[in-house]
Amino acid sequence: MLKIALPNKGRLSEEVRELFNDAGLEVRGRGERALTASLGGEFEAIFVRAQDIPEFVADGAAQAGVTGWDLVNEAGRELELLMDLEFGRCRLVVAARDESGIARVEDVKDGMRVASCFPRLTQAFFQKRGQRVTVVPVSGAAEIAPHLGIADIVVDLTSTGSTLKMNGLREVSTVLESSARLVAYSGNGVDARRSLEELTQALGSVLAARGRRYLMANVPRTSLEQVREVLPGLNGPTVVDVMDGGNFVAVHAVVSSRTIYRTVNALKALGGQGILVTRIERLMA
Ligand code: AMP
């Protein structure tokens, strides 16, 4: 059995579960408080706090895990990065009170106090810049530290920026860009590596499918050249004869979901009919 450490709660847990479900690795028979669950095949999930996952995986207690890149870097342990899962996007930023007079990170003075749940990354960031600050480690809600007089500035996670704004804080620099990542134990053997390669491909095929749609349309044979420009597809569209005497052909293609509205309109303008757009479950290029 291969153990995969997954977040048991918090922001990442739902999306991780959804991704594994979509890849056909459904969490089976897990009660609310269960610590482990079968994912089918050779995989078993162990549910732990997102912060603890880098340690679990680095120690080999799990062969792989999913957690935030911020937490992987803060742990500073040796881990193999297998894949960027693209959700849970956020940035670790330096932020100061609006009225602090700190508009740029250069304005941070030696001796200032920086509250953060990421003390290692904070220390390393300022050290590299040659700024001697005092890091105040906190375990949550760093954003209130400046208001309590515990710190002058914070290094905190943000995605929309609304929490910072609500607390009267202004972002002055980015320390790290983060998203959920699949990481592996660096001491895995050949068999585990092979299984994890298959897992990576399965998860990747779900992610690749998410931003795409399968489009089918009947188009006049005479407009095929222009249709080809509208529908680049993976290797150009598939063209199939329609039994209507040869005036129309059916074209099938994988298209970007972001531009589907424009694509459909372009096809209509070229005389396209019977246009059908469907979701794709998995896509292996
Ligand atoms: P949490 O569920 O709050 O313990 O956060 C777990 C992980 O979710 C963090 O370490 C980040 O990798 C990620 N995350 C994504 N967006 C945010 C955000 N806006 N604030 C905090 N964490 C976030």
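Helices and strands here are runs assigned by DSSP, numbered from the N terminus, so a label such as H1 tells you which element to look for. With that in hand, let's walk through this predicted model.

**Stop 1: the ligand.** Select the ligand and show what is around it. You should find Gly-10, Arg-11, Leu-12, Gly-68, Asp-70, Leu-71, Gly-88, Arg-89, Cys-90, Leu-157, Thr-158 and Ser-159. Try colouring this shell by class: four residues are nonpolar, five are polar and three are charged.

**Stop 2: three polar contacts.** Zoom in on Arg-11 first. One of its polar backbone atoms is 2.6 Å from an oxygen atom of the ligand. Next, click on Asp-70, where a polar side-chain atom lies 2.7 Å from a ligand oxygen. Then move to Ser-159: a polar atom of its side chain is 2.7 Å from a nitrogen atom of the ligand. How much of the ligand does the protein bury? On its own the ligand exposes 480 Å², and the protein buries 79% of that area.

**Stop 3: the pocket.** Now hide the ligand and turn on a surface. Where does the ligand sit? Its place is the largest pocket. Helix H1 (11–22), helix H3 (69–75) and strand S9 (153–158) are the elements that each give two or more residues to the ligand's shell.

The space in this largest pocket comes to about 1200 Å³. Its lining has 38 residues, and those nearest the centre are Arg-11, Asp-70, Leu-71, Phe-118 and Leu-157. Select these five and look at how they are arranged.

**Stop 4: the walls.** Colour H1, H3, S9 and helix H6 (162–166), each of which supplies at least two residues of the pocket lining. Which element gives the largest share? That is H3, with four residues. To finish, colour the whole lining by class: 13 residues are nonpolar, 15 are polar and ten are charged.

Key: Residues are numbered from 1 along each chain as its sequence is written. This is a predicted model: local features need pLDDT of at least 70, side-chain atom pairs count only at pLDDT 80 or more; totals for chains, interfaces and linings use all residues. Side-chain values use heavy atoms; hydrogens and water are left out. A residue is near a molecule or strand if one of its heavy atoms lies within 4 Å of it. A polar contact is a pair of N or O atoms within 3.5 Å; within protein, one must be able to donate a hydrogen and the other to accept it, and residues adjacent in sequence count only if both atoms are side-chain atoms. Accessible areas come from the Shrake-Rupley method with a 1.4 Å probe; for residues, only the protein chains shown count as cover. On a 1 Å grid over the protein atoms alone, a cavity is a set of points where a 1.4 Å probe fits but cannot get out, and a pocket is an open set with protein on both sides within 12 Å along at least five of seven lines; lining residues have an atom within 4 Å of a point. A molecule sits in a cavity or pocket if more than half of its atoms lie within 2 Å of its grid points. Ala, Val, Leu, Ile, Met, Phe, Trp, Tyr, Cys and Pro count as nonpolar, Asp, Glu, Lys and Arg as charged, and the others, Gly among them, as polar. Grid points are joined across faces, edges and corners, and a volume is the space filled by probe spheres set on the points.
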